[in-house]
Amino acid sequence: MPVKTRSGGRRSTSAPKNKTRISPRKGKKKRASTAESKEHAKEEQQVGDKREAEQIAESGNEKKETETGEVQGKRARTEEDEAKRYSFHEGTIERGHIYFFYRPKVQHEEVHDIDDVRNFHMLLIPRPPEFSVHIEGQRPSGVEKDSQHDDEMTIVAEGADAVPAPPPKDQPKTHFRLITIGKKRLPDPDAPGGKGVYWASVTAVGDDLHSLEQGLGERSYETKTRGERHEGPARLAGRGVYAIVNTRGKTVSRNATHLGYHLSHPSEAGEVQLELGIHTASSFALQVKNPEAEPTSFGQRIGRPAGRRAKYPEGVLKYVFEKGTRGRSYGLRFVPCNCIDLLDYEGAELLLIAARSGTEGTDESLGESRGKALKTVGERESQEPAEDIFRELAIEKDRFPAEPIEGKWI
């Protein structure tokens, strides 16, 4: 309802209507500000994305550098480990039991002398040192109690590291190494005309004596020109204990490896052993040939064909034979047996150089009373029956003639 005022005008008594009026200029400014904010936010996002990408890239580079460093470090550690593994290991590098076998020529049922022999083998079966193996009720030879200290303390006698633990019986899963001697006999230090140098090669390496039994057993085969041919089984001509010892010289070139042995069977050499160069106790120097060096003698090639030589890894060629040095691509032609790994490759070629015979001679070659230690254990094991030898090798005695172990040809 209208109310009359003093000025004579009228005013409404109803509630006033609220109307907001926006200046056109002011609205444009707000919209521009909003657009600028969006543009600024977009720029900040782009900058942030770019910075994040850069950080990821930097992180990736750092990771790559870290991985490269790790690879290089691992390679360096591998090379360092290889250099250490294949370096010259001083002292006894192996001990065990040694066996000598000969095989008759093809179509020869019997052997009357060395002219009827086709192959002569030396079998090495490594064993841990006796002092490291506990046998109930026995004290290992070369080990004594120290009464001045507590009861657990023991003293290992000089030469004990050359004494092998007793061999297990009827256990075919055993590491072995078969070496074939080139001249069908061992180098004899007592032979007239100077010391002999004989070639030899590793013809078989394995961990199952059943495969050895197959290889040494009799066999027949067919030929195109002569028909069926027959080879008799190998004959056991000797058994004993051995040790391979490295001696460091005054210079690297004077380093040497010797293999010394002492027979347990037979206790005294007979006709067979004498013709095959097997002494009751003897030793010879051992050298390993570089498979990449062509063997020559008076203009003639000797040794195994290239395809049948040992396939040593690069670490052996580099750190043992010093490949790429000495002004020759292959490095050294012959080296001592730095580590026993060198003998665990089929096709490895060896030089056997006669050294000294007898216990005293073996003692001088091996050092530290090792020859005497081998004699002690050899004489002790000679009390065991010859039948036990075949049980050690997990082979059937009836398949291999045993008469030669007594010095008789057959």
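**Exercise 1.** Is Y345 buried, partly exposed or exposed? Work it out, then look at the ring that Y345 pairs with.

*Solution.* Keep in mind that this is a predicted model. Start with the cut-offs: buried means under 20% relative accessible area, and exposed means over 50%. Y345 has a relative accessible area of 25%, so Y345 is partly exposed. Next, turn to the partner: Y312 and Y345 make an edge-to-face aromatic pair, with 5.0 Å centre to centre and 70° between the planes. Y312 sits in the loop between strand 15 and helix 4, and Y345 in the loop between strand 16 and strand 17, so the pair ties together parts 33 residues apart in sequence. Y312, at 8% relative accessibility, counts as buried.

**Exercise 2.** Find the aromatic pair formed by F100 and F120, and describe its geometry and setting.

*Solution.* Searching the whole structure gives six aromatic pairs. One of them is F100 with F120, stacked at 6.1 Å centre to centre and 15° between the planes. F100 belongs to strand 3 and F120 to strand 4, 20 residues apart. Both F100 and F120 are buried. Finally, add Y261, which forms one aromatic cluster with F100 and F120.

**Exercise 3.** Which residues of helix 2 are buried, and why do they line one face?

*Solution.* First, list them: L209, L212, E213 and L216. Viewed down the axis of helix 2, these buried residues fall within an arc of 100°, so they line one face. Then see what covers them: strand 3, strand 4, strand 7 and helix 7 are included. Last, check the start of helix 2, where a side-chain oxygen of D208 comes to within 3.0 Å of the backbone nitrogen of H210.

Methods
Residues are numbered from 1 along each chain as its sequence is written. This is a predicted model: local features need pLDDT of at least 70, side-chain atom pairs count only at pLDDT 80 or more; totals for chains, interfaces and linings use all residues. Side-chain values use heavy atoms; hydrogens and water are left out. Buried means under 20% relative accessible area, exposed over 50%, partly exposed in between (1.4 Å probe, protein chains only). Helices (H or I, at least four residues) and strands (E, at least two) are DSSP runs, numbered from the N terminus. The arc is that of the directions from the helix axis to the C-beta atoms. Contact means heavy atoms within 4.5 Å. A polar contact is a pair of N or O atoms within 3.5 Å; within protein, one must be able to donate a hydrogen and the other to accept it, and residues adjacent in sequence count only if both atoms are side-chain atoms. Rings of Phe, Tyr and Trp (its six-membered ring) pair if their centres lie within 6.5 Å; planes under 30 degrees apart count as stacked, over 60 as edge-to-face and the rest as tilted.
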